[in-house]
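User: I am new to this structure and would like a close look at a single part of it. Please take one strand and work outward through whatever surrounds it.

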Amino acid sequence: MEKFAPVKRSEDGQPVRYLIVDDSVFARKNLARMVETFGGQVIGEAGDGVTAISEYDRLTPDIVLMDITMPQMEGIEAAEKIVRDHPSARIVMVSSVGYQENIVAALQRGARHFVQKPVKPEVLYEVIKYVMRDDTVTALGAGAGA
Amino acid sequence: MRMELIQPFINATDAVLAQGLDSPVSIENLSMDEEAYRRRGIAAEVCLIGEIEGRIIFDVDLPTAVQLATRLAGMEVSETDDLVREAVCELANQVIGNAVTSLNDQGFHFHVHPPTLHTSEQGSKGSEDTEALVMCFNTSSGNVFMNVALRHHCRQAVERTAVAG
């Protein structure tokens, strides 16, 4: 896997903390591996929207990577509930179902961005830097794929 | 079966597998299946509900599934590892999700259920309005089969056209 300049929180220089939400264990592992190459730390995982909400309340991660099609509660509804209780929550939808209505619905309900599966690491890296832009520092002189 | 419903699945399979495996993919065979579906190995099923209804089964034999999982996970995966099944489900999710995206952007509206493992040896037969099309894709990790049985609700489509017009 490519190497990326670590993205750190500007307030304390600590790694960005992630909650990964996907009903596929395989997808969660792949995303976890990817964000670790960005210097991030996975602090929690959830396999459905209901668990995602409780894990967000418990962990308050810096960023949530959220699938859409999941059992019990889908990702867009979970994102809406999380943002209602935590308006500053940064949620990035990560789904293979990326038609326009879905993307618009996710953004209207509070998601900050959308990444379509299969996820390209360099795309996710840029999205994370963008979503965290006010609260992160990236090592100087190194960019995606550096 | 209408080709406009099938082409997005062919395109999505080609794109997702080629990206994930970092090697070219080709269609080896395409045929209508009049018999009941018989599982080849590890199979993931996705159901669609709405203007287009039916199911798609993504099916690979075990050695191919192990190779796919190993390539996609970037580490050795053994055939007893649950990750092999998870990898097949996730591949199905990505292929079908991308195809559904394309169909929705063409104006077909329906809902997709999360993939589930198809564990029975045999499934139901296609009928006159739910023909099953079987596609075989040749990849560097082995053959990947996709069995598509979809029904298009013409009445809703006519209404859609009328509203659009």
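Analyst: Let us start with a pair of strands. In chain A, strand β2 (residues 17-21) and strand β4 (residues 63-66) run parallel, and 4 bridges join them. A:I20 stands opposite A:L65 in β4(A). The model is a predicted one.

Now look across the other side of β4(A). There, 3 bridges join β4(A) to β5(A), and these strands also run parallel. A:V64 stands opposite A:I91 in β5(A).

Where do the residues of β4(A) point? A:I63 and A:L65 point one way, while A:V64 and A:M66 point the other way. All four are buried. The general rule fits this picture: in a regular strand the side chains alternate between the two faces of the sheet.

Step back to the whole sheet. It is open and has 5 strands, in the order β3-β2-β4-β5-β6 of chain A, with parallel pairing. Strands β3 (41-46) and β6 (113-116) of chain A stand at the edges. Each has a single partner strand, so one side of each is left without a neighbour in the sheet. From one strand to the next, the twist averages 20 degrees. In general, strands of a sheet pair through backbone hydrogen bonds, either parallel or antiparallel.

Next come the helices on the sheet. Helix α2 (residues 49-59) of chain A lies across β2, β3 and β4 of chain A. It runs at about 145 degrees to β3(A). Helix α3 (residues 75-85) of chain A packs on the sheet too, touching β2, β4 and β5 (91-95) of chain A. The direction of α3(A) makes about 175 degrees with that of β5(A). Together, β4(A), α3(A) and β5(A) make a right-handed β-α-β unit.

The loops on either side of β4(A) each hold a residue worth a look. A:T60 lies in the loop between α2 and β4 of chain A. Its phi is positive, about 35 degrees, although A:T60 is not a glycine. A:T60 counts as partly exposed, because it has 13 C-beta neighbours inside 10 Å. After the strand, A:Q72 sits in the loop between β4 and α3 of chain A. A:Q72 is not a glycine either, yet has a positive phi of about 65 degrees. It is partly exposed, with 13 other C-beta atoms within 10 Å. As a general matter, most residues other than glycine have a negative phi, and most peptide bonds are trans.

Move on to helix α4 (residues 100-108) of chain A. Here A:N102, A:I103 and A:A106 are buried. They cover an arc of only 95 degrees around the axis, which puts them on the same side of α4(A). These buried residues pack against α3, β5 and β6 of chain A. The face turned away from the buried side carries the exposed residues A:Q100, A:E101, A:V104 and A:Q108. In general, an α-helix has 3.6 residues a turn, so residues three or four places apart point the same way. A:G110 follows α4(A), and its phi is positive, near 115 degrees.

Beyond the edge strand β6(A) there is a loop, and A:P118 has its place there, between β6 and α5 of chain A. A cis peptide bond joins A:K117 and A:P118, with omega about -5 degrees.

That loop leads to helix α5 (residues 121-131) of chain A, where A:L124, A:Y125 and A:I128 are buried. They cover an arc of only 105 degrees around the axis, which puts them on the same side of α5(A). What covers them includes β4(A), our starting strand, along with β1 (7-9), α1 (25-37) and β6 of chain A. On the face turned away from the buried side, α5(A) carries the exposed residues A:V123 and A:Y130.

Last, a glance at the partner chain. Here 20 residues of chain B are in contact with 20 residues of chain A. On the side of chain B that touches chain A, the elements giving two or more residues are α1 (3-21) and α3 (82-105) of chain B. Of these, α3(B) gives the most, with 13 residues. This side of chain B divides into 8 nonpolar, 9 polar and 3 charged residues. Chain B itself has 4 helices and 7 strands. Of its 165 residues, 41% count as buried.

Note on methods. Residues are numbered from 1 along each chain as its sequence is written. Chains are lettered from A and ligands numbered from 1 in the order in which they are written. This is a predicted model: local features need pLDDT of at least 70, side-chain atom pairs count only at pLDDT 80 or more; totals for chains, interfaces and linings use all residues. Two strands pair if DSSP finds at least two bridges between them. Axes are lines fitted to C-alpha atoms, for helices over the stretch in contact, and angles run from 0 to 180 degrees between N-to-C directions. Two residues are in contact if their C-beta atoms, placed from the backbone, lie within 7 Å. A residue is buried if 20 or more other C-beta atoms lie within 10 Å of its own, exposed if 12 or fewer, and partly exposed in between; C-beta atoms are placed from the backbone. The arc is that of the directions from the helix axis to the C-beta atoms. Ala, Val, Leu, Ile, Met, Phe, Trp, Tyr, Cys and Pro count as nonpolar, Asp, Glu, Lys and Arg as charged, and the others, Gly among them, as polar. A crossover is right-handed if, with the strands pointing away from the viewer, the path from the first strand over the helix to the second runs clockwise.
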